[in-house]
Amino acid sequence: MSTTKHPHTSQLLPNDPQPTLILDQRGQVLASTQSTNELMADADITSPEALLPVNTVHLIRAALTQNRAIEDVESSFGDRYCVWCFIPDTDNQQVVARGREATKDIRLREQAQRSNRLYRLITENTTDLISRHAPDGRFIDATPASWQLLGYRPEALRGKTLEEVFATEQAAEKLAEAHHKLREEGYATLTLKIAHADGKDRHLEISSRAIRETYTGAVVEVISVSRDITSRVASEEKNRLLAEELAHTTRLATLGELASSVAHEMNQPLASIVNFASASQRFLQGAEHQPARLAKVEDGLEKIVHHANRASEVIKRLRAFLRKGQKRMAPIAVNEVAGNVARLCQWEAEKKRVRIVESLTDSQPIVTADPVLLEQVLINLIRNAIDASVEARQNGSKIQAKLANVIITTRVNDDQEVLLEVTDEGMGLSEEAIRQMFQPFYTSKPQGLGLGLSMSRSIIEDFGGFLDAIPASTGGLTLTCRFPANTQRNTPASMENCPDD
């Protein structure tokens, strides 16, 4: 619509950059500026009335009746917005409608409103405490969760220091450390045990980030998120106690597997003691007339003492194994352990016509482990190897007259890992059986509990190593205890250091 063909155009400024219209009482456009026409063309609108609010007639009537301008009235057309001011001309019963395109402003406002609604929704409903702090730690503001976590309303926290709210000696030390990290690194995370306002202890996990001044880099504010982890801490403590109890219970559960081994270990020295005692009695009967027999009696008594001490060591190891408490970790010479266990199992092996062969490396490797537990693991592996070799002979897969071999090997691989291996001449196992053999309660023995290998693997893993099995060239299996590289290569712990009570 032209601004030069209407008698009312004198009220318009032709070069006004804002869209402006003159309206009569019915909302009809009497005149408009060139900028109005440009806006219509840009918005692909043919009627200037489409630029105005839908209640324009009512706004005109109100402006004329009240003889006042009505400002900040929004209108929308397509995806664009205008803000209008209706200025009354009561003498002519007309209104000048002066607009301003506000699409960008309104969209920014709506986005801000959505963000504010989301922020309020989060802050008012989250169970975590979000708080703002001055650089010295004083509370600037806090979300409503402060009542649940700390026992303070947000308004009561403002101006309080962290030390005042978290009034414990431990908190003061940790807050000082966190303050240093915020200044140096810009963020800090800490856990605190605090006394809630209700008197109960709470555990909080607090994550904080520093807000810095753009040019100087000085910390101007700190934002923190605090979470109540009391239930988690209690659960972790409960799980720790349960784990300790389970570890002790599991030790007792392996007693069924170990009982047979201990019985065999005890049987040999006790049988020897009985034999030497009986022989000594016979020699004593004729010692009065044959003094030379006293030397044989003395020799027999020495052997009785030796075997009695050996039986005592067996009992001492068993008691140490079953004792509830921490493992006694120490550097141990693997070759020494292998040799000791080989001698302990020799009597059982010979009884079952099995030969224990030692193939020990000259490098004298050292591992860090509990000597009692490592010895029991190796006893279990050797006894399994003996049983496997005997089973193969009974099933006819080996020559009956030939002694079966159980080979104990120690070596260090290229990665400086220490390997302790036990190889049998049994019938071997399928791949599926090898995968299952370390599962609890899986056993191929009619009288077995299926806990020995499972527990042995757990013990070796607790030392930082691993226990696995692979088919051996002998037709049986090789069980390998793999230990991580150990920088200690000199002084092993003596196997005599096991406590006797």
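**Exercise 1. Find out how far to trust the start of the chain, residues 1-7.**

Step 1. Look at the confidence: pLDDT (the predictor's confidence in each residue, from 0 to 100) stays under 50 over residues 1-7.

Step 2. Look at the contacts (heavy atoms within 4.5 Å): for residues 1-7 the model has 13 of them beyond four places in sequence.

Step 3. Turn to residues 487-501, where the pLDDT is also below 50 and the model has 37 contacts beyond near neighbours in sequence.

Step 4. Apply a rule of reading: where pLDDT is low, predicted coordinates should not be read in detail.

Step 5. Set this beside the whole protein, which has a mean pLDDT of 80, with 83% of its residues at 70 or more.

A note on the model: it is predicted, so local features need pLDDT of at least 70 and side-chain atom pairs count only at pLDDT 80 or more, while totals for chains, interfaces and linings use all residues. Residues are numbered from 1 along each chain as its sequence is written, and side-chain values use heavy atoms, leaving out hydrogens and water.

**Exercise 2. Work out the strand order of the open five-stranded sheet, and say which strands stand at its edges.**

Step 1. Recall the terms: strands (E, at least two residues) and helices (H or I, at least four) are DSSP runs numbered from the N terminus, and two strands pair if DSSP finds at least two bridges between them.

Step 2. Follow the pairs: the order is β7-β6-β10-β9-β8, with antiparallel pairing.

Step 3. Find the edges: β7 (139-142) and β8 (187-195) each have a single partner strand, so one side of each has no neighbour in the sheet.

Step 4. Zoom in on one pair: β6 (residues 129-133) and β10 (residues 219-228) are joined by five bridges. Here arginine 132 sits opposite isoleucine 223 in β10.

**Exercise 3. Identify the residues that touch the most other members of the largest nonpolar core.**

Step 1. Recall that such a core is a set of buried Ala, Val, Leu, Ile, Met, Phe, Trp, Tyr and Cys residues joined through side-chain atoms within 4.5 Å; buried means under 20% relative accessible area, exposed over 50%, partly exposed in between (1.4 Å probe, protein chains only).

Step 2. Among the 43 residues of this core, the answer is Ile382, Leu479 and Phe483.

Step 3. Ask which helix gives the most: α12 (residues 371-394), with 10 residues.

Step 4. List partners of isoleucine 382, leaving out residues up to four places away in sequence: Val341, Cys345, Ile356, Ile408 and Val422.
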